[in-house]
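Please look over the sequence and the structure below before reading on. The explanation then takes the interior first and the charged pairs second.

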Amino acid sequence: VQLGLGVRPAAVSLHMQQGSLSATQGDLDVAIDGLGYLEVTLPSGQTGYTRDGGLKRTGEGVIVTSDGFPVSPEIVIPDDARSISINADGEIYAYFDEAAAGQLLGQFTLTGFTNSKGLEAIGSNLFVETEASGPALVSTPGQDGLGTLRQGYLEDSSVDAVREITELIEA
């Protein structure tokens, strides 16, 4: 009788590839086209990072993630804004009934890392900085090698389900 030791993973690694972008037409849906992460403030006060651009607005008008974490820098949308616009550089403009031109509310920043695979995944599409990732490099979208923002789009998963099932069958 032969007894084996079973199967166990030798290593777990993150694949930080960008997924395809899907149009949603949502005013607060923002996809990062290229490298970078949105910075969020976690309930503990710690800084987290995400590529999940399905943003929402609280009752006070603060822009938050779908889990309710405020995006940093904090941007507040006034209640009487009829629409908002976010350009590729992350500038957020609010449009009001009485004015034709938009009012600049603020600007999103993107954060890059020397080694993004060194980030620690904490769940819900959130990551935190580690020694292995290196320090956070905060910059304007489209600068310092970071991507740009696309309003009305969300990033799909970068996992190719067909390829993964094929590899599972082969294993």
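What follows describes a predicted model, beginning with its nonpolar cores and ending with its salt bridges.

The largest nonpolar core has 24 residues. Which of them touch the most other members? They are Leu55, Ile63, Ile86, Phe108 and Leu149. Several strands supply this core with two or more residues each: β2 (30-33), β3 (38-41), β8 (83-86), β9 (91-95) and β13 (126-128).

Ile86 can serve as an example from this core. If its neighbours within four places in sequence are set aside, Ile86 is in contact with Asp27, Val30, Glu91, Ile92, Phe108, Leu149 and Gln151. Two of these partners, Phe108 and Leu149, also appear among the core members that touch the most others. Another core, of five residues, lies apart from the one just described, and it includes Tyr37, Tyr49, Phe113 and Phe127.

The charged side chains come next. Side chains of opposite charge can pair when their charged atoms come close. The structure holds five salt bridges, and some of them are taken here in turn.

One salt bridge joins the side chains of Glu155 and Arg51, with a distance of 3.0 Å from N to O. It links distant parts of the chain, as its two residues are 104 residues apart. Glu155 belongs to strand β16 (residues 153-155), while Arg51 sits in the loop between β4 (47-50) and β5 (56-57). Are the two partners buried or exposed? Arg51 has a relative accessibility of 18% and therefore counts as buried, because buried means under 20%. Glu155, with a relative accessible area of 22%, is partly exposed.

A second salt bridge is formed by Arg57 and Asp79, whose closest N and O atoms are 3.5 Å apart. Arg57 lies in strand β5 and Asp79 in the loop between β7 (71-72) and β8, so this pair ties together parts that are 22 residues apart in sequence. Arg57 is partly exposed, at 35% relative accessible area. Asp79 reaches 62% relative accessibility and so counts as exposed, the cut-off being over 50%.

Arg163 and Glu164 also form a salt bridge, and here the closest N and O atoms are 3.4 Å apart. Arg163 is partly exposed, with a relative accessible area of 46%, and Glu164 counts as partly exposed at 35% relative accessibility. Which residues are joined with them into one network? Salt bridges that share partners connect Arg163, Glu164 and Glu167.

How values were computed. Residues numbered from 1 in each chain as written. Predicted model: local features only at pLDDT ≥ 70, side-chain atom pairs only at ≥ 80, totals over all residues. Heavy atoms only, no water. Core = buried A, V, L, I, M, F, W, Y, C linked by side-chain atoms within 4.5 Å. Buried < 20%, exposed > 50% of the residue type's maximum accessible area, 1.4 Å probe, protein only. Helix = DSSP H or I, 4+ residues; strand = E, 2+ residues; numbered from the N terminus. Contact = heavy atoms within 4.5 Å. Salt bridge = Lys/Arg side-chain N within 4 Å of Asp/Glu carboxyl O.
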